[in-house]
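Open the model in your viewer and colour it by secondary structure. We will go from one pair of residues out to the whole chain.

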Amino acid sequence: MPIEIHRIDDRLIHGQVVVGWGQPLGIGLLVMVDDDVAASEWEQELYRMGVPPEMDVRFESVADAVRHYPDHTADPRRGMLITGDIETMERLVAGLASGTIREVNLGGVHHRAGRSQRMRYVFLTPDEELALRGMAGRGVSIVARDVPSARPVPLADVLAGRGEG
Amino acid sequence: MSSGRDAAGGAGDTGAGRAVARAIVAGHGDVAAGLVSAVAQITGRGDVFLPLSNRELSADDLERVLRDLVETTGVRVIFTDLPAGSCTIAARRLLRGRPDLVLVTGANVAALLDFVFHGEHQLPDEQAAGHAADKGRASVLVVAGSAAPAAGGMPDRSRGGGDAH
C-alpha cells in the first residue's frame, strides 16, 4: 500500500502525528527516517513509547529508507513516513526514483536561529527554502498542513507569506 | 499563561518572590493552563503548579524551556497530558540521568488535586506523584445512562422544586 503521507516535522513522533493524522488515516506503519535516531537504541525507545500498540514503528537512516522503500509500500498497512528536517526529506527524495514521492507535508519546522517565519508553524533558512524549491522542481508537491482539518497551503503561498491570509 | 516562551514566572510565584510551585504541568494548547485554573478554582492552590504549553515550540525549544523551569524552580515532578506528546518526549529526555525527577503522563484534574492535598507535608513529592497517578487513573469512569424511572419513582419538581431548598 502506498505511504499515505510523507511529513517533515521537527517534533518527529508527537500528538499531531500519532493522533491528529494517525487516527483519521488509520496509520498502521510509521517510518521515522533520521540518521541519529536510527543509530541510537535509547532514542528509539524514547519514541517507541509514544506510539500506540496498534501502530508499528520503524527507525531508519536515509540510506536504509531508500533501500527499504519498496518494502514499506508493499506493506498492507497504511503508512506514514516522517523526517525531522527538510534536508533529510530532500536526501530521501533524491535517493528514490523520480515520481516515487509525489507530495510532502510540511507539518512543523519551528523557530530557530537563522530561520525566518513563513507561517505559524513554518520557519525557514535560505538553504531550507532552496531545498524545498529543489524538491518542487523535481515534481514533488510541497504542502504545509499541520493537522488534517487545516487548509493545505501550497509552497508558493508559504514562501510568499500568504499561508495564513 | 499559555505560551512556553513566557512559562517561567507563572502561577508558581506568589508575587512576594517566594516560589511555592511543586510541579510543572505541560501539555498541548491551553490544557496546562486550564488544568491549573481548575485546581485554583477548586482549591485556591493553583500556585502549586507551573503551566507550560508546547504551542509553536520545536522539540529542542520545548526541552530547553522545560529544563530551564526545572533548574530555576527546583521542582522535581512533571505532569504531562499525552503519553505520545512532545511534552512527554521532552520530559523523558530530562529524566535521563536525573533519578530525582518524576514524570506523570496522562494527567487530569483529579490527579493534580490529589497531588495538592496528599503531597505537601505528607509525602515527598515523588511519592505524591505516584499517589496522584493512581488517583487520576481511578477517576476515569464510564457511567451509562439508565431508563427513565417509572411514574411516581421520582419526586415531581415541576411545581416549584419539591423539597429542594
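Which residue in β4(A) stands opposite A:Val31? Select A:Val31 and look across to β4(A): the residue facing it is A:Leu81. Bear in mind throughout that this is a predicted model.

Next, select residues 27-33 and 78-83 of chain A. These are strands β2 and β4, which pair in the parallel sense over six bridges. Strands of a sheet pair through backbone hydrogen bonds, either parallel or antiparallel.

Now show the rest of the sheet. Seven strands of chain A make it up, and reading across you meet β3, β2, β4, β1, β5, β8 and β9 in that order. The sheet is open and its pairing is mixed. Go to the edges by picking 56-60 (β3) and 153-154 (β9) of chain A: each has a single partner strand, so one side of each is left without a neighbour in the sheet.

Then add residues 62-74 of chain A, which form helix α4. This helix packs on the sheet, where it touches β1 (3-9), β2, β3 and β4 of chain A. Compare directions, too: that of α4 makes about 160° with that of β2(A).

Finally, zoom out to the whole of chain A, with its seven helices and nine strands. Its radius of gyration is 15 Å, close to the 15 Å that the globule rule gives for 165 residues, so the chain is as compact as a globular protein of that length. Along the principal axes, the C-alpha trace spans about 40 × 30 × 30 Å. Colour by burial if you like: 41% of the 165 residues in chain A are buried.

Key: Residues numbered from 1 in each chain as written. Chains lettered and ligands numbered in written order. Predicted model: local features only at pLDDT ≥ 70, side-chain atom pairs only at ≥ 80, totals over all residues. Pairing = 2+ DSSP bridges. Helix = DSSP H or I, 4+ residues; strand = E, 2+ residues; numbered from the N terminus. Contact = placed C-beta atoms within 7 Å. Axes fitted to C-alpha atoms, helices over the stretch in contact; angles between N-to-C directions. Rg over C-alpha atoms; globule rule 2.2 N^0.38 Å. Buried ≥ 20, exposed ≤ 12 C-beta atoms within 10 Å, placed from the backbone.
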